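I sat down with this one to look up a few packing details. Here are my notes, in the order I took them.

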Amino acid sequence: MATQPVPVVTELNLYVDDGALEMLPRRDAMRLQVLPMQIVGGKLVVAMVNPGDILKLDELRRLTGRDIQPARADLKVIDRGIQRFYGEKDELETASALVEPGLVVQADARGAPLMGGEDAPAVALVNELVETAILSRASDIHVEAGTTKLQVRLRVDGVLFDHQSFPMELHPSVSSRIKIMAGMDIGEKRLPQDGRFDARLRGKVFDVRASVVPSVFGETIVLRLLPKTSTGLKLSELGFSPDQLVMMEDLVHRPHGMIFATGPTGSGKTTTLYAILSRLDRVGRNVVTIEDPVEYQLTRATQIQVHPKIGVDFAAGLRSILRQDPDVIMVGEIRDLETLRMAIQSALTGHLVLTTVHCNDAASGAARLVDMGAEPFLVASSATVFLSQRLVRCICTECKMEDQPSEDTLQALGIEGDGQFYRGRGCEHCRGTGYYGRTSVFEIMMVNDVIAAAITRRETAGEIRALARSLGTRGLRDDGIQKALEGVTTLEEILRAVWVQEA
């Protein structure tokens, strides 16, 4: 008996029945990357990338209680179908059906979240968004008010993508729900507000930082998800090359000095500093941190949260830390001259100080401190290293293939000659993006006698950068190209992330 051919679904012949959608919640459709289409002869027709996936077919049978008739479709067709057809259903009904007891949300000290009455659909919808974001490895949830729709986007591996849209009628209840959870004033709609709440899923606890900002069409909400139970990554897991890792291990064992991590917001500076702290002997040395916010929980360390409203800023906190007999101090960020001077003085008096400063690259970090008003000879005497980094997406290992970049890309990065590069084809594992996870590209500029003399002479960032290159310091771009040649990332990612002009 001949095997029945598997139908192929395209944008042109895609037809979805509401009855089929009701068989499978939207969250499960997204997780399994399938689209229920019709019920034919008692079987549920489901579009999927691999119709021969036995495990997925078994799970669909369990979830729907129906025999499954698979159809083949590209991942892009499935994703667009999920957004289109699930979005056309009654969103209030859908939102309340999506929530499960798996996610536990704990609001601020004013009490537990409301779970019934007229707020139930908004409760279900917000819980579903947070749970989906956690399961999708998202770091941020963006809820943006528009003219006719409420657009939700998720940031995964540093890149935003459209998740779902809702009717604008849901905006007031969703906004109020998040405000209640985060301890904000639900009656204030003209001023920006900040708050937080905790979310627990599958044994993991997340600190959710909420920000609400008024916009033309209504309030825009951003939720940042920070795993509270995470202790960060090890130095060997951050993306350092073997020679860079040797340099970092040497820095860890130095008794005093300053380690500066530089780069824009979201480049992984704090994660790197925590990786350094995790390598320290925290039993024989007193480690104290002051941060805004405290992003990781570190055992055998005293961690202080900045509270500017009550006068506990970085400068005041650092002043208090110095009375706690510290050996190692981490200052979340150098924001003003007073904090900088105290940090330098701490390094000069025998403490190991780790901190961050916002600037483009390592050389700019050295020049930036002098521009802030610090004495050049003090910066040169206290600084041990300036570390710059960027986060880039890793090629998905499930669909990795050889690639030939365009001439424009090669020219933009100054690459000449032959070299083998790679990219991801796009698969279920990476949601069709070709990328899964992130790593860092680094520049490590050690402050030796030559660099220290240049800082003391108040040389510009460009002059210090050129001097560092002549001494063998590998820049962000070169480190990124090396990782692309090793098959870790793509040249397109390097162009996206490493935009600093290098000498």
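I began at L44, which stands opposite I68 in β4. I then looked up the strands around this pair: β3 (residues 43–48) and β4 (residues 68–73) run parallel and are joined by five bridges. For strands I took DSSP runs of E, at least two residues, and for helices runs of H or I, at least four residues, numbered from the N terminus; strands pair if DSSP finds at least two bridges between them.

This is a predicted model, where local features need pLDDT of at least 70 and side-chain atom pairs pLDDT 80 or more, while totals for chains, interfaces and linings use all residues. Residues are numbered from 1 along each chain as its sequence is written, and side-chain values use heavy atoms, without hydrogens and water.

Next I traced the sheet: it is open, with four strands in the order β1-β4-β3-β2 and mixed pairing. β1 (8–9) and β2 (34–40) are the edges, each with a single partner strand, so one side of each has no neighbour in the sheet.

Then I turned to helix α8 (residues 242–252), where I found Q244, M248, L251 and V252 buried (under 20% relative accessible area; exposed is over 50%, partly exposed in between, with a 1.4 Å probe and protein chains only). These residues lie on the same side of α8, because they cover an arc of only 100° around the axis, taken from the directions from the helix axis to the C-beta atoms. P242 and V246, on the other side of α8, are exposed.

Last, I checked I455: its contacts (heavy atoms within 4.5 Å) include F386, V447 and I464, leaving out residues up to four places away in sequence.
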